[in-house]
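This report looks at how one pair of helices packs together and at a set of charged side-chain pairs. The sequence and the structure are shown below.

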Amino acid sequence: MIFSKTASEIKRGIWFMEPRIALSYADVVSNVLNKTQKEIDPRPDAVKVRQALSPGGVYVNNDEEIPEGSIGVVAIHGPMIKYGDWCSYGADELVGFANEFESNENIIGQIWLMDSGGGSVAAVAPYLDFLAKSKKPVVALCDLCASANYYVASSTDYIMAENDISAMFGSIGVMIQFADYKKFYEEMGITLHEIYADQSTNKNKDFRAALENDYEPMKQEMLNPLAIQFQNHVKAKRPNLKKQNEVLSGKMYYAKEALDLGLIDQIGNMDRAIEKVKFLASARSLISNNY
């Protein structure tokens, strides 16, 4: 196997991810960790994850000049990772596309097509940094929007479900999962030894405790702080959120209930997302002109 940024992130990362989605990607994870680049299906061309819509709602070909009043479209699909690799796009690349649209004078705003059950904790910050400084509206048009994906969507200007059938929202929580291979190695006749410096008494202490079925240190020192930060972020971005104790505990909701609870702003489709970007862009322009 050659070095892969994705494999590295899988092995070292903590994840904001809906657990059923995480389990469904077990075979993909195995492939990334155990196969070479030639054995992995290539990621889609950039044209499929980064496109521009003309004012009339027609996709602009890459070799054409983007007309004034257009809308940028960025697709955030599948497991979210920080760094792009030969099998998927990372936050570094997708935010790069968003920055290109932000700096293009002919683009009035963006639609982010978000269909993901979450991903690496490290993948969230690049999106939040971009949204914090963006001067143009970003509308999140979502199907599956769980965990890390909702963390990002909650920072956009408007969250819209793309349908009222499959679209789901939530899984606001943090988890970690790892395998204990000690018995496996013992059956193979292999004994593993860990030796720590006298000055390193706290190194890997929470992980060592977890291997002995004591999960409290890992929860208190690693998972709980991330979960609280996640919850506080959502509460700040969605001030009208209802049933907060339930919603912020990791539960998932279909679009209609998510709308009632204040997790999203509307149930719509691509046409309505386009209308919303145009409305928000006009409103910002009017405010800017008046001040």
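A residue counts as buried under 20% relative accessible area, as exposed over 50%, and as partly exposed in between. By that rule E246, at 31% relative accessibility, is partly exposed, and K251 is likewise partly exposed at 40%. The model in which these values were computed is a predicted one.

**Salt bridges**

The count of salt bridges comes to six, and among them are the three pairs in the table.

| Pair | Closest N to O |
|---|---|
| R50 and E100 | 2.9 Å |
| R238 and D265 | 3.0 Å |
| K251 and E246 | 3.8 Å |

The salt bridge of R50 with E100 links distant parts of the chain, since R50 belongs to strand β2 (residues 50–53) and E100 to helix α4, 50 residues apart. R50 is partly exposed, with a relative accessible area of 21%, and E100 is partly exposed at 38%.

In the salt bridge of R238 with D265, R238 lies in the loop between α9 and α10 while D265 lies in the loop between α11 and β11, so the pair ties together parts that are 27 residues apart in sequence. R238 is buried, with a relative accessible area of 9%, whereas D265 is partly exposed at 30%.

**Packing of α4 and α5**

The axes of helix α4 (residues 91–103) and helix α5 (residues 124–133) come within 9 Å and cross at roughly 15°, which makes α4 roughly parallel to α5. The crossing is right-handed. The residues of this contact divide into seven nonpolar, one polar and two charged, with A91, L94, V95, A98, N99 and E102 in α4 meeting P126, Y127, F130 and K133 in α5.

Definitions and conventions: Residues are numbered from 1 along each chain as its sequence is written. This is a predicted model: local features need pLDDT of at least 70, side-chain atom pairs count only at pLDDT 80 or more; totals for chains, interfaces and linings use all residues. Side-chain values use heavy atoms; hydrogens and water are left out. Axes are lines fitted to C-alpha atoms, for helices over the stretch in contact, and angles run from 0 to 180 degrees between N-to-C directions. Helices (H or I, at least four residues) and strands (E, at least two) are DSSP runs, numbered from the N terminus. Angles under 35 degrees count as roughly parallel, over 145 as roughly antiparallel, 65 to 115 as roughly perpendicular and the rest as oblique. A crossing is left-handed if the near helix is turned anticlockwise from the far one by less than a right angle, and right-handed if clockwise. Contact means heavy atoms within 4.5 Å. Ala, Val, Leu, Ile, Met, Phe, Trp, Tyr, Cys and Pro count as nonpolar, Asp, Glu, Lys and Arg as charged, and the others, Gly among them, as polar. A salt bridge is a side-chain nitrogen of Lys or Arg within 4 Å of a carboxyl oxygen of Asp or Glu. Buried means under 20% relative accessible area, exposed over 50%, partly exposed in between (1.4 Å probe, protein chains only).
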